[in-house]
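Have your viewer ready and a selection tool at hand. Let's take a short walk through this structure, one selection at a time.

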Amino acid sequence: MTDTEYGHETDGYRQRLAYDLHKVDGLPLAAVADEFNVSLAEIQDWINTYIARTDAAAAAAQPPLFE
């Protein structure tokens, strides 16, 4: 977690916001990294973590195929 003016936000919230800013709003990764004042590699890690977490949640919510 970085020391920013938004210290009340959770890591999950920041990961989702970084994902939304890049994938939904189309901001370049460098601009997202600048916004959060972190490295480009860290922003990429946040986005990958968010994708993995949401994919796992979606998979867990799926009913069994042959039930």
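**Start at helix 3**

Select I43, W46, I47 and Y50 first: these are the buried residues of helix 3. They share the same side of the helix, because the arc they cover around the axis is only 90 degrees. Keep in mind as you look that this is a predicted model.

**Turn to the other face**

Now rotate helix 3 and pick A41, A59 and A60. These exposed residues sit on the face turned away from the buried side.

**See what lies over the buried side**

Which helices help to cover the buried residues of helix 3? Color residues 11–24 and 29–36: helix 1 and helix 2, respectively, are included in that cover.

**Check the length**

Next, put a distance label between the end C-alpha atoms of helix 3, which runs over residues 40–61. The label should read 32 Å, and this agrees with the span expected for 22 residues at 1.5 Å a residue.

**Zoom out**

Show the whole chain as a cartoon. You will find 3 helices and 0 strands, in the order α-α-α along the sequence. Of the 67 residues, 22% count as buried.

If you like contact maps, set a separation of 6 or more: residues 24 or more positions apart make up 40% of those contacts.

Finally, switch on the surface. The protein exposes about 4900 Å², with 53% of that area supplied by carbon and sulfur atoms.

Note on methods
Residues are numbered from 1 along each chain as its sequence is written. This is a predicted model: local features need pLDDT of at least 70, side-chain atom pairs count only at pLDDT 80 or more; totals for chains, interfaces and linings use all residues. Side-chain values use heavy atoms; hydrogens and water are left out. Helices (H or I, at least four residues) and strands (E, at least two) are DSSP runs, numbered from the N terminus. Buried means under 20% relative accessible area, exposed over 50%, partly exposed in between (1.4 Å probe, protein chains only). Contact means heavy atoms within 4.5 Å. Accessible areas come from the Shrake-Rupley method with a 1.4 Å probe; for residues, only the protein chains shown count as cover. The expected span of a helix is 1.5 Å times one less than its number of residues. The arc is that of the directions from the helix axis to the C-beta atoms.
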